[in-house]
Amino acid sequence: MKEQLAFFSENGYLLVPGALSADEVRTINEAIDQDLVENERFWYGNKNGRYQNVHALLAQPTIDVTMRPPMLLPLMEVIVGSELCAEEHSVMIRAANPDGPTECHWHRDTSSTAEPPYYTRYLSVVFYLTDVDDTTHTFSVLPGTAQSENLQPIEAYDLASAKHLTGPAGTVILFNAATFHAGNVRNTTSERRTIHIYCGRTTERYLSNHTIFPRRLWAGKDEATQKYYSRPNPITKLLLEQF
């Protein structure tokens with residue numbers, strides 16, 4: 001863990017192999033298959049073949065493990081701090097792209113950093129649910145581009161230093177949400193499935209107001225779990241108050 005944290009401190013991301021077991025990956029993919037059929041209207045896409053659902057938790061309790069992953073919590077709590085809390089949950093599918101364009105659209109999800117050594121106000125966690133290699137779409141990062149209190153524009157960085165992250169299904173990526181990153185779309189016959197979560201701090205403003213978090217995630221749970229969900233985003237807060 002000490003080596004992992006040192007790597008994150010310098011680079012703003014961390015690859016964690018085997019964070020989900022083969023059984024967990026299978027169960028989660030089965031839940032996604034079911035959701036695509038039963039809740040088609042919750043899924044939306046774009047012309048580049050990216051499909052997303054930010055409300056899968058509502059209907060698929062078997063994917064709850066990806067919202068507060070036990071294996072990753074020790075790392076997450078050190079990187080963000082003791083005020084770690086839930087922000088967003090999203091399931092994403094990038095369709096096969098045998099004939100379409102390639103792209104790597106670099107962006108940050110926030111322009112806000114925190115104190116050293118991790119500079120992370122908002123943390124993102126990406127779960128690979130399919131095998132990702134040099135022949136498939138990847139999640140890609142520009143290392144070190146958020147590990148400072150003074151963020152620079154994309155032109156200040158060498159794009160040749162980009163890391164196109166690969167790994168078998170079950171691999172997880174943690175990254176500072178202020179890091180430049182991209183979905184690296186390739187010409188490929190393979191579909192890529194991922195789950196993305198964001199975490200923030202209970203003492204700070206929410207980053208995302210998309211996901212509706214179901215009450216079962218914290219109701220009757222231990223104090224640490226309840227704290228993790230104690231700063232709901234506005235849409236969740238409204239529903240909790242009115243329903």
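Colleague: Is Tyr 119 buried or exposed here?

Modeller: Tyr 119 is buried, because its relative accessible area is 17% and the cut-off for buried is under 20% (exposed is over 50%, partly exposed lies in between, with a 1.4 Å probe and protein chains only). Before we go on: this is a predicted model, so local features need pLDDT of at least 70 and side-chain atom pairs only count at pLDDT 80 or more, while totals for chains, interfaces and linings take in all residues. Numbering runs from 1 along each chain as its sequence is written, and side-chain values use heavy atoms, with hydrogens and water left out.

Colleague: Good. What is the phi of Tyr 119?

Modeller: The general idea is that most residues other than glycine have a negative phi, and most peptide bonds are trans. Tyr 119 goes the other way, with a positive phi of about 55 degrees although it isn't a glycine. You'll find Tyr 119 in the loop between S5 and S6.

Colleague: And which residues does a cis peptide bond join?

Modeller: Pro 116 and Pro 117, with omega at about 10 degrees. Pro 117 is in the loop between strand S5 (103-104) and strand S6 (123-128), and that loop holds Tyr 119 too.

Colleague: Let's zoom out. How many helices and strands does the protein chain have?

Modeller: Six helices and eleven strands. Those are DSSP runs numbered from the N terminus, where a helix is H or I over at least four residues and a strand is E over at least two. The C-alpha trace spans about 50 × 45 × 30 Å along its principal axes, and 51% of the 243 residues count as buried.

Colleague: What do the contacts say about sequence separation in the protein chain?

Modeller: A contact means heavy atoms within 4.5 Å. Take the contacts between residues at least 6 apart in sequence: 85% of those join residues at least 24 apart.

Colleague: Can you show me a single residue? Where is Val 141 found?

Modeller: Val 141 is in strand S7, residues 138-141. Its relative accessibility is 0%, so Val 141 counts as buried. Beyond its neighbours within four places in sequence, Val 141 is in contact with eight residues named here in full: Tyr 13, Trp 106, Ala 162, Lys 163, Leu 165, Thr 179, Phe 180 and His 181. For a long-range pairing, look at Gly 12: it is 129 residues away from Val 141 along the chain, yet their C-alpha atoms are separated by 9.0 Å.

Colleague: On to empty space. What volume does the largest pocket have?

Modeller: About 490 Å³. On a 1 Å grid over the protein atoms alone, a pocket is an open set of points with protein on both sides within 12 Å along at least five of seven lines, a cavity is a set where a 1.4 Å probe fits but cannot get out, and lining residues have an atom within 4 Å of a point. Points are joined across faces, edges and corners, and a volume is the space filled by probe spheres set on them.

Colleague: Which residues lie nearest the centre of the largest pocket?

Modeller: Arg 50, Gln 52, Met 92, Arg 94 and His 107, out of 23 lining residues. Strands S3 (50-53), S4 (84-94), S10 (181-185) and S11 (192-201) each supply at least two residues of that lining, and S4 has the largest share, with four.

Colleague: What lines the second largest pocket?

Modeller: The lining includes Asp 64, Arg 68, Leu 217, Thr 225 and Tyr 229, around about 160 Å³ of space. Thr 225 sits in helix H5 (residues 223-228) and counts as buried because its relative accessibility is 7%. Leaving aside neighbours within four places, Thr 225 is in contact with Arg 68, Leu 217 and Trp 218.

Colleague: How many cavities of 30 Å³ or more does the structure hold?

Modeller: One, with about 60 Å³ of space in it. Its lining includes Ala 86, Phe 213, Trp 218, Tyr 229 and Thr 236. Tyr 229 also lines the second largest pocket.

Colleague: Where is the place of Thr 236?

Modeller: In helix H6, residues 234-242. Thr 236 is buried, with a relative accessible area of 2%. Not counting residues up to four places away, Thr 236 touches Thr 211, Ile 212 and Phe 213. Asn 209 is 27 residues from Thr 236 along the chain, and their C-alpha atoms are separated by 8.3 Å.
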